[in-house]
Amino acid sequence: MKFKKNSISIMLILLTIFVLSKINPSHGSEITQNFLDAFINKDTVKMSSIIKENKDKIPDEIKALIDEAKLPELSKEDKETKLNIAEIIANAYKNVTGNIEPLKQVKKDAFDSKLSPQLHSAPVEGFHIIEMPKPSGDDKNIFKPDNITIKRGESVRWVNTGETEHILASMPLISVPGLFSPKVEAGQSWDYKFEKTGEYYYLCFIHKSMIGKVTVEE
Ligand SMILES: [Cu+2]
């Protein structure tokens with residue numbers, strides 16, 4: 001628990017630094033802009049009061065930012081900035097109202113935006129195969145494929161075809177929980193049978209940018 005709390009506060013600090021370095025004066029509506037001004041001035045009292053005064057409108061503000069982030073003409077950097085701003089507002093909204101749903105949605109969308117298009121995977125001899133290959137050239141460690149849809153009751157086998165070890169874990173907050181592998185050494189594999197439907201968001205505990213998703217349908 002302590003570890004989680006620490007890593008969440010470190011994430012928030014990193015996010016804050018990142019957003020502060022990217023902010024330009026043209027993000028969203030007046031409410032969003034006022035909130036960002038308060039955020040830049042580290043005026044937490046004002047941030048809370050903006051959320052309180054506009055409680056009913058905030059989920060739509062967040063949704064608008066997410067929709068803007070999906071516009072195809074936006075650069076990757078602008079997309080990330082929009083989603084980061086949405087996350088900060090959603091986080092403040094959660095703190096004021098106790099409603100965590102908008103924050104979950106932002107985090108899911110931010111995660112989804114980093115994945116390849118969803119693939120309807122076909123099992124081979126009872127397993128959907130996801131490789132963890134050796135990084136080549138500029139490539140980082142990845143799950144390949146990183147975004148598959150399977151049926152309930154089916155199994156996935158993660159095969160480490162690379163040279164370094166990996167540990168798979170469900171993302172807190174946004175994932176159906178349950179994925180947590182032991183160390184998967186080079187040349188080894190790990191199997192998991194999906195008994196529950198839903199969206200499983202996961203990452204490698206060692207290489208945090210190594211992410212994947214398994215969607216389990218009925
Ligand atoms: Cu890894």
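These legends go with several close-up views of a predicted model.

**View 1. The open sheet and its edges.** Here you can follow 5 strands through an open sheet with mixed pairing, in the order S1-S3-S8-S7-S5. At the edges sit strand S1 (119-120) and strand S5 (168-170), each of which pairs on one side only. As a reminder, strands of a sheet pair through backbone hydrogen bonds, either parallel or antiparallel.

**View 2. Strand S3 and its two neighbours.** Strand S3 covers residues 147-151, and 4 of its 5 residues are buried, so the strand is largely enclosed by the rest of the structure. S1 and S3 run parallel and are joined by 2 bridges; look for leucine 119, whose bridge partner in S3 is isoleucine 148. S3 also runs parallel to S8, with 5 bridges between them. Among the residues to find here is threonine 149, which has threonine 215 in S8 as its bridge partner.

**View 3. The S7 and S8 pair, with helix H6 across it.** Strand S7 (residues 198-204) and strand S8 (residues 211-217) run antiparallel, joined by 6 bridges. Leucine 203 stands opposite isoleucine 211 in S8. Helix H6 (residues 101-112) lies across S7 and S8, and runs at about 65 degrees to S7.

**View 4. A nonpolar patch on the surface.** Three side chains to pick out are Phe180, Phe205 and Ile206, which form a nonpolar surface patch with about 290 Å² of accessible area together. Isoleucine 206 belongs to the loop between S7 and S8. Its relative accessible area is 40%, so isoleucine 206 counts as partly exposed, the class between under 20% (buried) and over 50% (exposed).

Notes: Residues numbered from 1 in each chain as written. Predicted model: local features only at pLDDT ≥ 70, side-chain atom pairs only at ≥ 80, totals over all residues. Heavy atoms only, no water. Pairing = 2+ DSSP bridges. Helix = DSSP H or I, 4+ residues; strand = E, 2+ residues; numbered from the N terminus. Contact = heavy atoms within 4.5 Å. Axes fitted to C-alpha atoms, helices over the stretch in contact; angles between N-to-C directions. Patch = residues over 30% accessible without salt bridge, like charges linked within 9 Å, V, L, I, M, F, W, Y side chains within 5 Å. Areas by Shrake-Rupley, 256 points an atom, 1.4 Å probe, with all protein chains shown as cover. Salt bridge = Lys/Arg side-chain N within 4 Å of Asp/Glu carboxyl O. Buried < 20%, exposed > 50% of the residue type's maximum accessible area, 1.4 Å probe, protein only.
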